[in-house]
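Here are some exercises for anyone who enjoys reading a fold closely. Have the structure open, try each task yourself, and then compare with the worked solution.

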Amino acid sequence: DIQRSKSEYFQRSNGSDHVLVMSHYMMQRKFHQYHVYPNLLRCNRVVYQNFPQRHKHDKTTPDRIEIQNLYVANLNGCQPTTPGNKTTDFAMIASMKRTRPNFRDRFNICTWMKSGNFSYDVCGKGKMCPALADARFGFHARGDDLGSNRPFDIVASGTVPLFTRMGQYDIMPDFAPFRNMSYFVDVSSPSAFRETMRAVANVTKEEYDAKLTIVKKYANRVDVKSGEPFDAYMAMFARKLGLQD
């Protein structure tokens, strides 16, 4: 913060053309303490999910642009047992923490999958590979919060994600068409789950292949290890700041 106060490049625009990366979830707890760092508050930000940029009682922090963070995939994607062949319909590889209410969606999905006529290899704790790549669809179910690395693991494995809460779309950056890259499965009730699952399971091969083509097209865009997201973030900030058409 002290260095920012000395920087002529920072001072020329009061920080409005600078970007602060604060994408770790701990920033959600720490950000409201930043009043002791006034120059950091003048930056645009890559933020954790939809964390608000200002405390509700803060009347002094200037408005800045915020773009949601990307998570990092656990692996460089899984490879299917047989290249080009999907052997199951669904997969959900996730930790299951029974004592935490926010993990209820995960338990419900596995319970309802067992009672339905759905093809799956792993639902719950288990090995990600090759199950994720062998499945046509991979579940993105909330845990401690709405976001996780799960959809990025799914995309990296050449599988179509299934979002399960509409709010999960709202915490994704706009430079990748996540709604077009995925399907939505309603986990609000057993009947809603069955209805939306049937619709997903019965998509035509042509529709599925078209969806998978979009997934593969944007795979590098949402893979932080590829380097492409950096360019996407900078271009998006530039557009929002009016520095680029």
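Below are six exercises, each followed by its solution.

This is a predicted model, in which local features need pLDDT of at least 70 and side-chain atom pairs count only at pLDDT 80 or more, while totals for chains, interfaces and linings use all residues. Residues are numbered from 1 along each chain as its sequence is written, and side-chain values use heavy atoms, with hydrogens and water left out.

**Exercise 1. The whole chain**

Task: Find how many helices and strands the protein chain has, and what its C-alpha trace spans along the principal axes.

Solution: Start with the secondary structure, taking helices (H or I, at least four residues) and strands (E, at least two) as DSSP runs, numbered from the N terminus. The protein chain has ten helices and eight strands. Next, the C-alpha trace spans about 65 × 40 × 25 Å along its principal axes. Then turn to burial: 47% of the 245 residues count as buried, where buried means under 20% relative accessible area, exposed over 50%, and partly exposed in between (1.4 Å probe, protein chains only). Last come contacts, meaning heavy atoms within 4.5 Å. Among those between residues at least 6 apart in sequence, 61% join residues at least 24 apart.

**Exercise 2. Helix α8**

Task: Check the length of α8 against its expected span, and decide which of its residues are buried.

Solution: The expected span of a helix is 1.5 Å times one less than its number of residues. For the twelve residues of α8 (residues 190-201) that gives 16 Å, and the end C-alpha atoms are indeed 16 Å apart. Now for burial: Ala192, Phe193, Thr196, Met197 and Val200 of α8 are buried. Looking down the axis of α8, these buried residues fall within an arc of 120° (taken from the directions from the helix axis to the C-beta atoms), so they line one face of the helix. The face turned away from that buried side carries the exposed residues Glu195 and Ala199. Finally, the cover over the buried residues of α8 includes β4 (88-93), α4 (104-115), β6 (135-140), β7 (160-163) and β8 (183-184).

**Exercise 3. Where α4 meets α8**

Task: Describe how the axes of α4 and α8 cross, and name the residues that make the contact.

Solution: Axes are lines fitted to C-alpha atoms, for helices over the stretch in contact, with angles running from 0 to 180 degrees between N-to-C directions. The axes of α4 and α8 come within 11 Å and cross at roughly 65°. That makes α4 roughly perpendicular to α8, a label for angles of 65 to 115 degrees. The contact is made by Ile109, Trp112 and Met113 of α4 and Pro190, Phe193 and Met197 of α8. For one more landmark, look at serine 191, which is found in α8. Its C-alpha is 9.6 Å from that of tryptophan 112, although the two are 79 residues apart in sequence. Serine 191 is partly exposed, with a relative accessible area of 44%.

**Exercise 4. Helix α9 and methionine 181**

Task: Work out which residues of α9 are buried, and which residues methionine 181 is in contact with.

Solution: Begin with length: the 13 residues of α9 (residues 205-217) should span 18 Å, and the end C-alpha atoms are 18 Å apart, which agrees. Tyr208, Lys211, Leu212 and Val215 are buried. Seen down the axis of α9, they fall within an arc of 100°, so they line one face of the helix. On the other side, Glu206, Thr213 and Lys217 are exposed.

Now move to methionine 181, in the loop between α7 (167-170) and β8. Methionine 181 counts as buried, at 1% relative accessibility. Leaving aside neighbours within four places in sequence, its contacts include Lys211, Ile214, Val215 and Tyr218, as well as Pro161.

**Exercise 5. Helix α10**

Task: Find what the buried residues of α10 pack against.

Solution: In α10 (residues 228-240), the buried residues are Pro229, Ala232, Tyr233, Met236, Phe237 and Ala238. They pack against β1 (19-22), β2 (44-47) and β3 (66-68).

**Exercise 6. Backbone exceptions**

Task: Find what phi asparagine 14 has, and which peptide bond is described by an omega near 5°.

Solution: Most residues other than glycine have a negative phi, and most peptide bonds are trans. Asparagine 14, in the loop between α2 (8-11) and β1, has a positive phi near 55°. The peptide bond from cysteine 129 to proline 130 is cis, with omega near 5°.

How values were computed
Angles under 35 degrees count as roughly parallel, over 145 as roughly antiparallel, 65 to 115 as roughly perpendicular and the rest as oblique.
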